[in-house]
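Hi,

Here is the structure I said I'd pass on to you. Have a look at it first, and then read my notes underneath.

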Amino acid sequence: MNIEVKNKKLKAWIQEVADMCTPKDIYICNGSNEEYDQMIKLLLDSGIAIPLKKRKNSFLFRSDPSDVARVEDNTYISTPDQIEAGPTNNWIAPDDLKKTMKDLYKGCMKGRTMYVIPFSMGPIGSPIAKIGIEISDSPYVVVNMHIMTRVSDRVLELLGTDGDFIPCLHSIGAPLEPGQEDSKWPCAPIEKKYISHFPNENLIWSYGSGYGGNALLGKKCLALRIASAMARRESWMAEHMLILRLTSPEGKQYHIAAAFPSACGKTNLAMMQPSIPGWKCECVGDDIAWMKIGPDGRLYAINPENGFFGVAPGTSYETNPMAMDTLKENCIFTNCALTDEGDVWWEGMDGDPPKHAIDWKGNDWTPESDSVAAHANARFTAPAAQCPVICEDWEKPEGVPIDIFIFGGRRSSVVPLVTEAYSWDHGVFLGSTAASETTAANIGSVGNLRRDPFAMKPFCGYNMGDYFQHWFNMGGKLGDKAPRIFYVNWFRKSEEGKFLWPGFSDNSRVLKWMCERVEGSVGAEETPIGLIPKEGDLDVNGVDMPSDDLKELLKIDSEAWKAEIPDIEHHLSTFGDRLPDKLKKQLDEFKKRLG
Ligand code: GTP
Ligand code: SPV
Ligand code: MN
């Protein structure tokens, strides 16, 4: 061990894990640049990291083809009673799960270094921040955690001898026998992967995967699953939401938090540059929001993360220039293609595809190949501070006051471009019945419609019926200071399968309408599903699209909505007696409005 650990709980935990996992040595991380460089050197020397000639201090990694996304089917919320995990979570009793995992953990770090990573979610020392310690046997995890969280020896200082932290245990599950050659991306087979959460103990155990949310435990495991359970106990909110600041031509600031499921547009909206003149957009966060009611009774949000772990495919100067500029240096790329010039490439990047590249599996690729060059869930890891439009207040300990909540998803039909909720309660109904087509962010089929309430189905650390009630309770506390709630769908398609809405920078037009609704300066039409812009309310000046498409985007087809009712009813019925009465009432009112 390179330094002495003073915190009693940490010292005991390190010993316990070392005894169980039997690593060859232990290294306590300090978060310094030198440490980052050292880890990268190790990864380069072993041929795991590929240096990029075209991007300073940036590296490409290729994961095992079996380990390319989150594994929801192997993710557990382990509460003493199954009902506390609820119908949306996989559940195994804590004692059984711990027994199974301890067997797996036994000797699992053999031949590897065990890294102890002290990190803070939220600015170090902020009253909203939480301290976690991740123990991992993956150097790739260490470098990613350096970017995604605040890794620092100051965290250990802050803990002192008796401070508390959230233990996050991670192993790739690939012990190395003496003389055995290591693979480039060691991991365990799918049936041995476990991403486990013990919310009653604030404890995370992950085994078998080295990828993204399965392995960077500060993100979905701590900042959403464990934090959502804490938030409910302590009357705050941990949400799968981007946070942005929109400034009107008059200089008025609006803060917007939006929940879309994985790979449904959060990073893009968070960095969006408005196509309407005079409006300015700045990014506070692109994936997670922690929100508390401030002394003035309004809801304040912080971004607990320190970096972006963003979807690479589709990112381009045309669609998300601010992300492209964020990616110029000091980044990690995973499962992107490698060009002959020594740069990364992915489908949807600007310009022509390269004539030749090495695909994400390490094979030769040309535009004639029948497979994609970059995996659909290829990702970049980038420091948030490098984003050219990062908001100057993004690290403000007290956060920014939220004016508007947006829910949404990927729906090729039925759901209009934008809807405003009639009330907070109606907004909670919209959030809890949200549905979206599945994406490559999870292992499993893509394009299947599923209910993903508040974009939290994979991330809620307790019974989602209680989570709905928590939303009603927060609304009750916020009263007339509660954010206004809207629902959007950027992904409606024509019969020919083309997106009807240009999206990206033009999404500012929809945000502008929301701000004007908050000001009461623009109209809306009452429909069975909510309020939608009347013709002329939405500023589409300069958008090159047929007026028929706009009509289609805002069309409410009552028959199509009626056809959704059985599925909505079935979805809500799965929560049994945990379903809040207020949601039943909202469903009744919705049915009445539909006639
Ligand atoms: P996670 O990081 O998985 O939580 O995803 P995310 O919600 O941040 O999604 P992201 O912004 O990375 O977008 C995912 C994909 O959707 C990318 O390929 C984008 O190009 C595409 N996308 C984002 N916004 C829009 C939009 O307004 N219109 C269209 N057509 N596509 C979009
Ligand atoms: C998501 O899937 O919502 C992500 C990527 O943000 S991961 O960190 O892998 O969960
Ligand atoms: Mn996400």
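Let's start with Arg298, which is partly exposed because its relative accessibility is 26%, above the 20% limit for buried. Keep in mind as you read that this is a predicted model. Arg298 forms a salt bridge with Asp403, and their closest N and O atoms are 2.8 Å apart. Asp403 sits in the loop between strands E24 and E25, while Arg298 is in the loop between strands E15 and E16, so this pair ties together parts that are 105 residues apart in sequence. Asp403 itself counts as buried, at 17% relative accessibility.

Why do such pairs form at all? Side chains of opposite charge can pair when their charged atoms come close.

How many salt bridges does the structure hold? There are 40 salt bridges in it, and here are a couple more to look up.

One of them is between Glu201 and Lys98, with 2.8 Å from N to O. Glu201 is in the loop between strands E9 (194–198) and E10 (203–207), and Lys98 belongs to helix H4 (residues 94–105), so the bridge ties together parts 103 residues apart in sequence. Glu201 is partly exposed at 42% relative accessibility, whereas Lys98 is buried at 17%.

Another joins the side chains of Arg112 and Asp182, at 2.9 Å from N to O. This pair also links distant parts of the chain, 70 residues apart: Arg112 is in the loop between H4 and strand E5, and Asp182 in the loop between strands E8 and E9. Arg112 is buried, with a relative accessible area of 8%, and Asp182 is partly exposed, with 31%.

Salt bridges can also join up into a network, as they do for Lys219, Lys220, Lys266, Asp287 and Glu305.

Now for a sheet. Five strands make an open sheet with mixed pairing, and their order is E2-E3-E18-E23-E17. Which strands are at the edges? Those are E2 (50–51) and E17 (307–311), each of which pairs on one side only. Further in, E18 (residues 332–334) and E23 (residues 379–383) run antiparallel and are joined by three bridges. If you want a spot to zoom in on there, Ile332 stands opposite Thr381 in E23. Helix H2 (residues 33–45) packs on this sheet, where it touches E2, E3 and E18, and its direction makes about 50° with that of E3.

Have fun exploring!

Methods. Residues are numbered from 1 along each chain as its sequence is written. Chains are lettered from A and ligands numbered from 1 in the order in which they are written. This is a predicted model: local features need pLDDT of at least 70, side-chain atom pairs count only at pLDDT 80 or more; totals for chains, interfaces and linings use all residues. Side-chain values use heavy atoms; hydrogens and water are left out. A salt bridge is a side-chain nitrogen of Lys or Arg within 4 Å of a carboxyl oxygen of Asp or Glu. Helices (H or I, at least four residues) and strands (E, at least two) are DSSP runs, numbered from the N terminus. Buried means under 20% relative accessible area, exposed over 50%, partly exposed in between (1.4 Å probe, protein chains only). Two strands pair if DSSP finds at least two bridges between them. Contact means heavy atoms within 4.5 Å. Axes are lines fitted to C-alpha atoms, for helices over the stretch in contact, and angles run from 0 to 180 degrees between N-to-C directions.
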